[in-house]
Amino acid sequence: VRRFEIGDRVTVREATTLFHHRTQAYTRGRTGVVVEHRPEWLIPEDEAWQREDGRVEPFYVVRFRQRDLWPGYTGLELDTLETEVAEGWLVPATEVAQ
Amino acid sequence: MPSPSDLDALQRQVRRLAPEPAARLDSPYWISNELYAALRHVLHDVGGQPDAPVAYEDKEEADWELRTYVLCEVLAWRGVWNAEMRRRAENDLGETLYLGLPYYARWITVAAKMLVDKGLISVSELADRIDDVRARMEAGS
């Protein structure tokens, strides 16, 4: 069962990372919107070590506003960036949408 | 067998390849949490790092590159590894090798390393084979 629907606002957790992961540093702690459901797959933290008990999670395409990602972003306000995130890295956004 | 001057030239080139650090580290006695976070940063996660534009080169794959791609896929198909293990192994090469090798040379390097890690080939078996091929090429066949 998926935790997030298209249109949900989600925040990427600021968790400790070790050795190998695919959660870009520039997304951690940032808030975006779910724009696409991606299939369930082994999470990279387990797949990278070929764990037989590897955890499978739903993935999401999350769209961020560029100006939310980069301090002093000088491009257009409507510029966005989309990236794929495993469910375990996401929590419901708490702050008020702007 | 390299001559002493060959060895000297090799070691000088290796030293020149070491990344030029803004802050030189030499096994310090202690480090801050901030430095540890930076040291833990995964090599391929470059988004947001200051850099200069590089020229885009529209290049077709050479035969060895396509063969490397197929070899790595077949190793995955046989269950020996997967693409995420390859990416981890590429990061684990360290910055000098990661940035120093051509893209598919990085792939074939970590594929060989993984086969050695898993005990499927030995490192001397592989080295002997490379020497055989070199000897054959130098003989011009």
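The following questions and answers look at the sheet and some salt bridges of a predicted model.

This is a predicted model in which local features need pLDDT of at least 70, side-chain atom pairs count only at pLDDT 80 or more, and totals for chains, interfaces and linings use all residues. Residues are numbered from 1 along each chain as its sequence is written, chains are lettered from A and ligands numbered from 1 in the order in which they are written, and side-chain values use heavy atoms, with hydrogens and water left out.

Trainee: Which are the edge strands of the open sheet in chain A?
Mentor: Five antiparallel strands of chain A form this open sheet, where strands are DSSP runs (E, at least two residues) numbered from the N terminus and two strands pair if DSSP finds at least two bridges between them. An edge strand pairs on one side only, and in chain A these are β4 (80-86) and β5 (90-92).

Trainee: In β5(A), which residue is the bridge partner of Thr11(A)?
Mentor: Strand β1 (residues 9-12) of chain A runs antiparallel to β5(A), and three bridges join them. For Thr11(A), the partner in β5(A) is Val91(A).

Trainee: Is Glu90(B) buried or exposed, given its salt bridge with Arg86(B)?
Mentor: The side chains of Glu90(B) and Arg86(B) meet at 2.8 Å, N to O, and a salt bridge is a side-chain nitrogen of Lys or Arg within 4 Å of a carboxyl oxygen of Asp or Glu. Buried means under 20% relative accessible area, exposed over 50% and partly exposed in between, with a 1.4 Å probe and protein chains only. Because its relative accessible area is 4%, Glu90(B) is buried.

Methods. Helices (H or I, at least four residues) and strands (E, at least two) are DSSP runs, numbered from the N terminus.
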